[in-house]
Amino acid sequence: MSHHFLQFDRVHYRYPNGYEALRGVTFRLTHGEKTALVGANGAGKSTLLLHTDGLLLPTSGQVVVGGIAITPKTLRLVRQSVGLVFQDPDNQLFMPTVEEDVAFGPANMGLTREEIERRVAAALEAVGALHLRKSAPYHLSGGQKKSVSIATVLAMEPSILVLDEPTSNLDPRARRLIIEQLRGFGHTTLIATHDMEMVLELCDRTLVMEQGRIVADGPTTEVFSDLQLLDACGLEQPCSMRGCTVRG
Ligand SMILES: Nc1ncnc2c1ncn2[C@@H]1O[C@H](COP(=O)(O)OP(=O)(O)OP(=O)(O)O)[C@@H](O)[C@H]1O
Ligand SMILES: [Mg+2]
């Protein structure tokens with residue numbers, strides 16, 4: 001059994017106020033695939049991602065990770081495989097220093113002190129934030145927090161990496177570092193983003209969400225060539241596909 005696949009099967013989710021944010025979501029990601037999840041504000045991307053490690057459980061339907069359906073009983077097991085980076089880093093960082101935040105996950109996995117230190121240094125280095133290791137997370141800039149929150153998840157070396165807006169708030173150099181880091185990550189990756197240039201560069205496959213549904217699922221270049229679809233979903237073709245010059 002592979003730990004690396006992620007499957008949504010007719011997932012519906014209704015928030016406690018009655019709003020149905022997911023309306024029958026079905027897809028399957030297999031080992032090593034890098035997939036983008038795009039859609040307008042409020043389409044349901046973050047709600048969907050919160051289902052990948054059981055922070056939200058479906059109202060109906062099911063989510064399966066590596067052959068294990070997510071239920072209250074399997075949460076612990078599933079969270080060993082899925083690393084989720086939240087949209088808002090303030091929800092991810094809660095320790096007094098950056099290095100303690102990054103060490104938190106590996107320490108909970110019962111790793112040795114040397115291994116924890118190795119992982120903390122490697123993860124912070126990977127996102128260009130090693131110099132911030134002694135800083136207090138709440139003193140960091142928005143972009144620095146974002147980079148550190150990605151490091152907290154990388155340090156757990158998950159088999160499935162799920163990121164909500166990994167490049168938002170990042171300056172060009174920090175954005176480039178994260179893109180290269182994600183490119184080198186060989187396992188299954190799901191990225192919700194408005195950064196269409198990154199999607200084009202990194203993801204072979206794209207899912208398009210609109211009002212709680214997946215309305216398109218295919219090769220990124222095909223999805224991004226369908227101007228009618230993009231327009232109907234409040235999206236725009238990446239600048240580089242329209243022939244304008246972008247900084248990389
Ligand atoms: N806690 C909540 N209670 C009720 N409704 C919510 C809650 N969180 C989100 N929603 C609603 O669910 C819908 C989907 O929200 P979600 O955050 O998943 O969208 P998104 O695609 O991630 O948007 P964005 O691109 O702005 O991050 C929105 O209409 C939102 O208002
Ligand atoms: Mg969101």
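Biologist: How does the lining of the second largest pocket divide by class, into nonpolar, polar and charged residues?

Modeller: There are six nonpolar, six polar and two charged residues in that lining. Bear in mind that this is a predicted model.

Biologist: What makes Gly128 and Ala174 lining residues there?

Modeller: A lining residue has an atom within 4 Å of a point of the pocket. Gly128 and Ala174 are among the 14 residues that line the second largest pocket, so each has an atom within that cut-off. Along with Gln144, Ser147 and Asp171, they lie nearest its centre. At least two lining residues come from H5, and at least two from helix H6 (172–184). The volume is about 190 Å³.

Biologist: What is the volume of the largest pocket, and which residues lie nearest its centre?

Modeller: Its volume is about 730 Å³, and 21 residues line it. Nearest the centre are Arg79, Phe104, Gly105, Asn108 and Met156. Two or more lining residues come from each of helix H2 (75–81), strand S6 (82–85), H3 and H5. H3 gives the most, with four residues.

Biologist: Why does Phe104 count as nonpolar, but Gly105 as polar?

Modeller: The scheme puts Phe with the nonpolar residues and Gly with the polar ones, so Phe104 and Gly105 fall into separate classes. Over the whole lining of the largest pocket, the split is ten nonpolar, seven polar and four charged.

Biologist: Why are Val98 and Glu99 of H3 called buried?

Modeller: The label requires under 20% relative accessible area; Val98 and Glu99 carry it, so both fall below that cut-off. Asp101, Val102, Ala103, Gly105 and Pro106 of this helix (residues 98–108) are buried too. Part of the cover over the buried residues of H3 comes from helix H4 (113–126) and helix H5 (142–154).

Biologist: What is the sign of phi at Gly110, which follows H3?

Modeller: Gly110 has a positive phi, near 80°.

Biologist: On to the ligand. How do you know that Thr47 makes a polar contact with ligand 1?

Modeller: A side-chain N or O atom of Thr47 is 2.6 Å from an oxygen atom of ligand 1. The cut-off is 3.5 Å, so the pair qualifies.

Biologist: What distances do Asn41 and His194 give?

Modeller: For Asn41, a side-chain N or O atom is 2.9 Å from an oxygen atom of ligand 1. For His194, a polar side-chain atom lies 2.8 Å from an oxygen atom of ligand 1. Both values are within 3.5 Å, so these are polar contacts as well.

Biologist: Which residues come nearest to ligand 1?

Modeller: Gly42, Lys45, Ser46, Thr47 and His194, out of 14 residues around ligand 1.

Definitions and conventions: Residues are numbered from 1 along each chain as its sequence is written. Chains are lettered from A and ligands numbered from 1 in the order in which they are written. This is a predicted model: local features need pLDDT of at least 70, side-chain atom pairs count only at pLDDT 80 or more; totals for chains, interfaces and linings use all residues. Side-chain values use heavy atoms; hydrogens and water are left out. Buried means under 20% relative accessible area, exposed over 50%, partly exposed in between (1.4 Å probe, protein chains only). Contact means heavy atoms within 4.5 Å. On a 1 Å grid over the protein atoms alone, a cavity is a set of points where a 1.4 Å probe fits but cannot get out, and a pocket is an open set with protein on both sides within 12 Å along at least five of seven lines; lining residues have an atom within 4 Å of a point. Grid points are joined across faces, edges and corners, and a volume is the space filled by probe spheres set on the points. A residue is near a molecule or strand if one of its heavy atoms lies within 4 Å of it. A polar contact is a pair of N or O atoms within 3.5 Å; within protein, one must be able to donate a hydrogen and the other to accept it, and residues adjacent in sequence count only if both atoms are side-chain atoms.
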